[in-house]
Amino acid sequence: MVATSRFVEFSSTGQTFITGVSTESEAKGTRGYSRGTSLGAGSDKFTVTLNSNDQLAININGTAEVITLASGTDLDPRFVARDMEYKIHSANSADGYKYAQVDWRNGGYAAGTNNRNSFIIWSGVLGANGGTNDVGISSPGGRDARTTLGFNPPTEAAGIDFATTFPASSYTGAVSVSGSFSGQFDDFYTVMISEGELVEDATPNGGNTYNGTIDTGGIYTGAADNTYTLTIDTTNGSVMGAGSQNVPTFTVTDTPGGDDNSNPIELLYTDHWYDIGVLGTRCKFTDAVFGNGDTFTMNAFTASGTGYPKAVGDAKYIWDSTRGDSSKQIQLNAVNTDVGGTQVGTVGATIGFSDSGTLGLGEYFNLIGRGPQPINSDTTQLNFGNVTVSTNSPVKVVWFELISGAVAMSTVKFSLQADGSFQHHDQGDNDTEFHFGTVGAGSSAPGAGIQSNSQVEFPVDGDGIGRITATDIDSDSSPSYLFATKGNLAVVNSADNAEVLGNYQGAVVSDLVYLAIKLGANETGANSTINYRMFFDFS
Amino acid sequence: MIWIGEREITMPRGWVVQFHDGSTICEEDMSWISVPNKKQIKRMVLKWEDRIWSIENKEHYIVPQTRGFVDISAGGVSYGGIDSRAIGYYDLEANCKVLMRVDEATGKMKHEIQDVK
């Protein structure tokens, strides 16, 4: 069966956000959530039928709405999560909806904490709000999707105030979140006061069959240092991507203990973050064969530093995000707190601490990033509108995504397959030009370097408004906020000659493509149909 | 006519798996992630019209790969197609994936090696 894919259209002036909105105080507290922990064995694909099981009734932080999901057969859960997220954003302008996020979390199919493959819907607001900042899922009536998506019943919890988690905190100041977020996708950052990283690289057992790469990350919130051992079981399968009940699993033991998990976690996807326990550590694996009994050992540490609590300016912090944008990943030393604001992540967010009180080791703060929102989620044509000769058309922005029938995408390319009835393309007479540009989470614009906070996945201005115009993509020399541009795409017929696109594997989504047309001075006629072609490998 | 085990494969092109018990599942039956008991796969076959390429008795088969394309037009409609299909296995000693890739238009097969990173 062939995979199902689609183009999704965005506005070139779409807006992004970075916020620490909280019912307590900015960046303080955790989010409430609802987790669909009722899925059974083999639940890694979802059939949503129009007018049958395509709605959820949601109540976030006291505001109720009904969302209607995209329908389809055997939908990829990462797509379903993204679709739910966008629908929730659009459902209500309240912050709980506007900044809500939905994750697909790989677990297993045994009951117990963190042991279920499941969707998690997070409130867009931090803090407890007296226990009401939660996410409630109820019946929408006759089109109920709760059972399909594991929310019948869900596991739910309200957010928790910073003051509850850290009752002895001496920090009395206010936190401010600012910056222009240039992420392609939504993300969630946790900033912890510490001068050292918390999660060590994993060490494979010398006798392991697995010869790929394991990455570790997360913000460890345990009360004492802990050593985790992950043990692989290949009873059901030895490679990822083979579907639930056919993939390797891992269990977790730890010393001195407190965060073990004897129920198997399925390794469904390559390059996908898996929770190790419930205290924040995570891991991901590249594509390779696992051996039964392979083990990986990893140390997690509590926050470190001397002389704490410290004043703002002296206290330092590290960070990590849901998508893995972390100070560990870019090997950045801990960052000094600052009243004016300093780097969180690599795509533009900053955090500032007012100079009041002192910051203690292990205290943490949260930021919510929201990427651009689609304007058309199933785009079959791009209409550039009326374009006058010798002028540029408006810029069209799309990405390409797989929604079912495949679990991985690679070698993504883009080309102009046909220039239609235009007569002056590549004719050397004030030619018609087909402009192209790309950037995204797979191939970001590097900004000032790997450790900088100026990397770009979705180019925005100082207010978080998309900034790309046709003149940004009208030459082969790309501006600093795009990964690559082509002033005039040639007509090509093979992937070998097409333009390379990045691909964010965790979401099976291509990078963003920016397109515009400049009609040559001698061009005549109307309604020419040109054709763009996307090449991609999927499995 | 192409027979795999006791089943005639009428699907013109695509992958076929044969299990140790002789049963078969092919690409037109279901998506790869829906195929059950993959550890019991004895043989993996790629069919192109009246030609087949076969890999047998490997311990770790790869997820079948497809190279495809989708069009998006200004003023028209989208269209998709397939450039090539591949089956293969992991070679643990060489730390790579060994693929047999068949061109969708010509039916020509070529071997490919993909490193494990």
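1. Strand 17 of chain A and strand 18 of chain A (residues 261-266) run antiparallel in this predicted model and are joined by three bridges, and within that pairing A:F250 stands opposite A:I265 of strand 18 of chain A. The two strands make up a hairpin in which five residues lie between them, and one residue of the turn, A:G257, takes a positive phi of about 120 degrees.

2. Strand 17 of chain A, which covers residues 249-255, also pairs with strand 16 of chain A (residues 226-233), again in the antiparallel sense, and here the pairing extends over seven bridges. For a reader who wishes to find this ladder in the coordinates, A:Y228 may serve as a marker, since its bridge partner in strand 17 of chain A is A:D254.

3. A further point concerns an open sheet of chain A, in which five strands follow the order 2-28-13-23-24 with antiparallel pairing. Strand 2 (17-19) and strand 24 (335-336) of chain A stand at the edges, and because each has a single partner strand, one side of each is left without a neighbour in the sheet. At the strand 24 edge, the antiparallel pairing with strand 23 of chain A (residues 316-321) rests on two bridges, and A:K316 has A:N336 of strand 24 as its bridge partner.

4. As to the division of chain A, the assignment gives domain 1 as 17-165, domain 2 as 203-300 and domain 3 as 374-538. The C-alpha centre of domain 2 of chain A lies 38 Å from that of domain 3 of chain A.

5. Helix 1 of chain A, which spans residues 77-91, has 15 residues and reaches 21 Å from its first C-alpha to its last, a span close to the 21 Å expected at 1.5 Å a residue. The helix is mostly covered, with eleven of its 15 residues buried. The buried positions include nonpolar residues such as A:F79, A:V80, A:M84 and A:I88, but charged residues are also found among them, including A:R78, A:R82, A:D83, A:E85 and A:K87.

6. The largest nonpolar core contains 159 residues, and those with the most contacts inside it are A:V191 and A:L367. Once its neighbours within four places in sequence are left aside, A:V191 is in contact with A:Y317, A:W319, A:V344, A:I351, A:Y364, A:F365 and A:L367, a list that thus contains the other residue named for the core, A:L367.

7. Chain B has zero helices and ten strands, and its pattern along the sequence is accordingly written β-β-β-β-β-β-β-β-β-β. Its C-alpha atoms fill a box of roughly 50 × 35 × 25 Å, taken along the principal axes. Of the 117 residues in chain B, 34% are buried, and among its contacts between residues at least 6 apart in sequence, 34% join residues at least 24 apart.

8. The contact of the two chains takes 44 residues from chain A and 31 residues from chain B. On the chain B side, strand 7 (65-74) and strand 8 (79-91) each supply at least two of the residues that touch chain A, and strand 7 of chain B provides the largest share, ten residues. By residue class, the side of chain B that touches chain A is made up of twelve nonpolar, eleven polar and eight charged residues.

Definitions and conventions
Residues are numbered from 1 along each chain as its sequence is written. Chains are lettered from A and ligands numbered from 1 in the order in which they are written. This is a predicted model: local features need pLDDT of at least 70, side-chain atom pairs count only at pLDDT 80 or more; totals for chains, interfaces and linings use all residues. Two strands pair if DSSP finds at least two bridges between them. Helices (H or I, at least four residues) and strands (E, at least two) are DSSP runs, numbered from the N terminus. Two residues are in contact if their C-beta atoms, placed from the backbone, lie within 7 Å. Domain bounds come from an automatic or database domain assignment. A residue is buried if 20 or more other C-beta atoms lie within 10 Å of its own, exposed if 12 or fewer, and partly exposed in between; C-beta atoms are placed from the backbone. The expected span of a helix is 1.5 Å times one less than its number of residues. A nonpolar core is a set of buried Ala, Val, Leu, Ile, Met, Phe, Trp, Tyr and Cys residues joined through C-beta atoms within 7 Å.
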